[in-house]
Amino acid sequence: MKEDFEILRSGDFVWEFASGGAVPEGAVVCGQTAEGEALYIGRCLYQGTQTPGKVHPSHNCLYIPFEGAEVQINDYEVLCVK
């Protein structure tokens, strides 16, 4: 557990609904694949819990971690800067 941490934040953030690998304008990039494809911050409700994950556009989904594996989700929200 960490007691001290810093958060870098600028702009106004909103969660926007998307599906099928789509990402809205202003989507926040959180990394990239080995091939250089951008990955985006996403989330969904899964088994009663709001769960963060990565939107992988070429796979047409959001991936979230669950019980040591990645679960594919088709309808999700994407973190965007407005």
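# Side-chain pairs and buried positions in a seven-stranded chain

Glutamate 16 has a relative accessible area of 24% and counts as partly exposed. The structure in which this residue sits is a predicted model.

## Overall layout

The protein chain contains seven strands and zero helices. Read from the N terminus, its elements follow the order β-β-β-β-β-β-β. Along the principal axes, the C-alpha atoms of the protein chain occupy a box of roughly 35 × 30 × 30 Å. Of the 82 residues in the protein chain, 29% are buried. The accessible surface amounts to about 5,800 Å², and carbon and sulfur atoms account for 51% of that area.

Contacts were also sorted by sequence separation. Among those in the protein chain between residues at least 6 apart in sequence, 46% join residues at least 24 apart. The protein chain carries 5 positive and 12 negative charges, and the mean positions of these two sets lie 3 Å apart.

## Salt bridges

How many salt bridges are there? The count comes to three.

One of them joins lysine 82 to glutamate 16, with 2.9 Å between the closest N and O atoms. Glutamate 16 belongs to strand β1 (residues 13-19) and lysine 82 to the segment after β7 (75-81), so this bridge ties together parts that are 66 residues apart in sequence. Lysine 82 is exposed, with a relative accessible area of 51%, whereas glutamate 16 is partly exposed at 24%. The cut-off for exposed is over 50%, so lysine 82 at 51% falls in that class.

Arginine 43 and glutamate 77 form another salt bridge, at an N to O distance of 2.8 Å. This pair links distant parts of the chain, with arginine 43 in strand β3 (residues 38-46) and glutamate 77 in strand β7, 34 residues apart. Glutamate 77 is partly exposed, its relative accessible area being 24%.

Lysine 54 and glutamate 70 also meet through their side chains in a salt bridge, 3.0 Å from N to O. Strand β4 (residues 49-56) holds lysine 54 and strand β6 (residues 69-73) holds glutamate 70, so the bridge ties together parts that are 16 residues apart in sequence. Lysine 54 is partly exposed, with 27% relative accessibility.

## Aromatic pair

A search of the whole structure returns one aromatic pair. Its members are tyrosine 46 and phenylalanine 66, which are arranged edge-to-face, with 5.0 Å between centres and 75° between the planes. The pair links distant parts of the chain: strand β3 contributes tyrosine 46 and strand β5 (residues 61-66) contributes phenylalanine 66, 20 residues apart. Tyrosine 46 is partly exposed at 21% relative accessibility. Buried requires a value under 20%, so tyrosine 46 does not fall in that class. Phenylalanine 66 is likewise partly exposed, at 27%.

## Two buried residues

Is histidine 56 buried or exposed? Histidine 56 is buried, with a relative accessible area of 9%. The residue lies in strand β4. With residues up to four places away in sequence left out, histidine 56 touches Thr33, Glu37, Leu39, Cys61 and Tyr63.

Leucine 62, in strand β5, is buried with a relative accessible area of 0%. Beyond its neighbours within four places in sequence, leucine 62 contacts Gly42, Arg43, Cys44, Gly53, Lys54, Val55, Val71, Gln72, Ile73 and Tyr76. Two residues in this list, Arg43 and Lys54, recur from the salt bridges, where arginine 43 pairs with glutamate 77 and lysine 54 with glutamate 70. Leucine 62 and tyrosine 76 are 14 residues apart in sequence, and their C-alpha atoms are 6.8 Å apart in space.

## Positive phi angles in loops

Asparagine 60 and glutamate 67 are residues other than glycine with positive phi values. Asparagine 60 is found in the loop between β4 and β5, and glutamate 67 in the loop between β5 and β6. The table gives their angles and accessibility.

| Residue | Phi | Relative accessible area | Class |
|---|---|---|---|
| Asparagine 60 | near 60° | 43% | partly exposed |
| Glutamate 67 | near 50° | 73% | exposed |

Terms used
Residues numbered from 1 in each chain as written. Predicted model: local features only at pLDDT ≥ 70, side-chain atom pairs only at ≥ 80, totals over all residues. Heavy atoms only, no water. Salt bridge = Lys/Arg side-chain N within 4 Å of Asp/Glu carboxyl O. Helix = DSSP H or I, 4+ residues; strand = E, 2+ residues; numbered from the N terminus. Buried < 20%, exposed > 50% of the residue type's maximum accessible area, 1.4 Å probe, protein only. Phe/Tyr/Trp six-rings, centres within 6.5 Å; stacked < 30°, edge-to-face > 60°. Contact = heavy atoms within 4.5 Å. Areas by Shrake-Rupley, 256 points an atom, 1.4 Å probe, with all protein chains shown as cover. Lys, Arg positive; Asp, Glu negative; His and termini not counted. Charge placed at Lys NZ, Arg CZ, Asp CG, Glu CD.
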